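Student: Could we go through the terms used for this model one by one, setting each against its definition?

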Amino acid sequence: MTDTGQMAQVSRDQAKPFAHFIRRDGAVLYDGDKVFRFLSFNVPTLNYVEDEMAFEQTNPYGLPNEYELRDVFSTVQEMGGQVVRGYTFPVRSAAFPEEAVTYVEAPGVFNEEAFQTMDLAIALAGEYNIRLIQPFVNNWPWFGGRPEYAAFRGKDKDAFCTDPQLIDDFKKTIHYVLNRTNTITGVIYKNDPTIMAWETGNEMTCSGDWAVEIAEYIKSIDSNHLVIDGYHAVGNPGQPLHPVQSHSIDSDAIDIVSTHHYEGDPLLIIEHIKQNLDRVNGKKPLFVGEFGFVSTTGMEQIMDYIMSEPEIPGGLVWSLRRHHRNGGWYYHTEPLGDGLYRAYHWPGSDLGEIYDERSFMSLMRDAAFEIQGKESPPLASVAAPVLLPFDHPSDISWRGVMGATAYTLERAQSPEGPWVQIAFDVDDHVTPGFPLYSDDEAPFGTASYYRVRALNSQGVSTPSNIVGPVVPIYLTKVDTARNYGAVSHWKDIKVRSDNWRSYKEAPYRLSGQNGSELVYWSPGHFNEMRVYTFERGSDPQLTVSGSSDGKAYASMSVSMEDFASNETNYDYLVPRLYKVQPLGTKDVSLLKIDFLGESDIVRVELDYEARE
């Protein structure tokens, strides 16, 4: 498992097991003798990476490392969250690239590397005093789930709920998980109070008989933990409510009933929660396992209602994403969010302004402490970021720190300084997989050293590590497609920011069609230009020509490479990289991109050398 070994030992030494398992008495949850209530987040990528969106990466799946797990747990802790709900244990799927890692590779066959990541997640959750809710299987194809268990045996997905062989295959996974010994803490999963509850599955549409059988099987192995029925008790836009079912209420093997709500109207969400609360009638706790995709005011109404009902132990917002180990963040556009909502990031950014991300995250923090009967404490001071290695001033990235609102960059001609601030209030929310900053004012041919600091309302962090010497023989002009500022001239080009998922979560793009054009100016001797774009089909949609005077243009040398993914769960367009180099010895100062058809450019990098 990448980047975890040394730090994982620290986690083992520091882990502080909880004193009590969470238990229930009637409709109330307890931690020891204290009533246990919570407002927090779903973290669907807790034990898995679904959103590796780097432009040249063809496999979106992977495993988080310790830095990424610590980032999400420290975030939840600062926001007052006491519980995190993961998604499922991923199952091998034909829709995944062949090289994708999963947890369940075949019936009774489990991936040890993946489960060591789950070990680490549980160990770190304990260290940060956060309980985990973990569903066993997904009803849907995301991450692989019910359809994939059936596909292993060549059967229809609906057979998963009734076929004895498929039920036995699923029980093998449950048995393995409950009896697994954590390689970091040494604690068997079924004996670890860090786990608040097991959930039979996520939004399962199997019958009540299946749910009771699975819950009873879990209890036959693990008498310590609560069991949540993962039945599809959901409210979605324009659809009737799937209410809580009687088996969830009546079975002694099921401890907690859960509902999910995405109706779009906060008053309708509250009404549906009330209806389910009436159905349960105080026999068990009813918690809101997922809710979201309404305004900040609407979310406040829902959370106020949850806090007002003692028979609702809490609710979990959908959903939270973390920093990326290579700089920046993981992003996920939500299909139920009308193309408007992305997963949340703390403390929010300009990219989330359209859904009021900053205000909501602040509100969420206050509510998470309020439900515990506490006031929100002051924010923590930000730690120093880690500046990642780089060889060229256009490739500057750093590992972000929890709670930072922005960063400041400094450059010096010696590691001892003096240090000069070259950029202030730099945002690390950019197109995934690309460098966070390009220093296009670095001195040609001169050694430079770099460091970075983090900012938040409490002040500025200590400096990061130093990277250098960096001696550029060329500089790079970068267009992040956010506006027209880096373009010399354009024709029929629109700046767009929508349908992010199809463009691997790129927040902005320069969109053109047949007849559109862009012209870039090289401040020095042109060396190479790289155009990162998304297109459909196999034919190139761009040509590039160069000019020294803006009047006569000649064709340039253009190579093209595609990075299409075999993943079929999402409608990804083809990431296509055009590399442009001069033909002949004539100096080129203007480069014109002509569109032959639809193309969406997300980044342009133009390398140039100093003019004599």
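Student: Which residue in E26 is the bridge partner of His489?

Tutor: The bridge partner of His489 in E26 is Val519. The model is a predicted one, in which local features need pLDDT of at least 70 and side-chain atom pairs count only at pLDDT 80 or more, while totals for chains, interfaces and linings use all residues. Residues are numbered from 1 along each chain as its sequence is written, and side-chain values use heavy atoms, with hydrogens and water left out.

Student: What makes E23 and E26 a pair?

Tutor: Two strands pair if DSSP finds at least two bridges between them. E23 and strand E26 (residues 517-521) have three bridges, in the antiparallel sense, so the criterion of at least two is met. The strands themselves are DSSP runs of E with at least two residues, helices being runs of H or I with at least four, and both are numbered from the N terminus.

Student: Why are E23 and E29 said to stand at the edges?

Tutor: The open sheet has five strands in the order E23-E26-E32-E28-E29, paired antiparallel. Strand E23 (489-491) and strand E29 (554-555) each have a single partner strand, so one side of each lacks a neighbour in the sheet.

Student: What makes E1 and E2 a pair, and which residue of E2 stands opposite Ile22?

Tutor: Strand E1 (residues 22-25) and strand E2 (residues 28-31) share four bridges in the antiparallel sense, and Ile22 stands opposite Asp31 of E2. Their hairpin has two residues between the strands, and Gly26 takes a positive phi near 65° there. An open sheet of three strands, with antiparallel pairing, has the order E1-E2-E3. In that sheet E1 and strand E3 (34-35) are at the edges with a single partner strand each, so one side of each is left without a neighbour.

Student: Why is H5 called roughly parallel to H6?

Tutor: Axes are lines fitted to C-alpha atoms, for helices over the stretch in contact, and angles run from 0 to 180 degrees between N-to-C directions. The axes of helix H5 (residues 164-178) and helix H6 (residues 208-221) come within 10 Å and cross at roughly 30°. Angles under 35 degrees count as roughly parallel, over 145 as roughly antiparallel, 65 to 115 as roughly perpendicular and the rest as oblique. H5 is therefore roughly parallel to H6.

Student: Which residues make the contact between H5 and H6?

Tutor: Contact means heavy atoms within 4.5 Å. Among the residues involved are Ile167, Phe170 and Ile174 of H5, with Trp210, Ile214 and Tyr217 of H6.

Student: What makes H9 roughly parallel to H10?

Tutor: The axes of helix H9 (residues 296-308) and helix H10 (residues 357-370) come within 10 Å and cross at roughly 5°, and this makes H9 roughly parallel to H10. In H9, Thr296, Met299, Glu300, Met303 and Met307 meet Ser359, Phe360, Leu363, Met364, Ala367 and Glu370 in H10.

Student: How do you know that Arg451 and Glu410 form a salt bridge?

Tutor: A salt bridge is a side-chain nitrogen of Lys or Arg within 4 Å of a carboxyl oxygen of Asp or Glu. The side chains of Arg451 and Glu410 meet at 2.4 Å, N to O, so the criterion of within 4 Å is met. Arg451 lies in strand E19 (residues 448-456) and Glu410 in strand E17 (residues 406-412), so the pair ties together parts 41 residues apart in sequence. A search of the whole structure finds 39 salt bridges.
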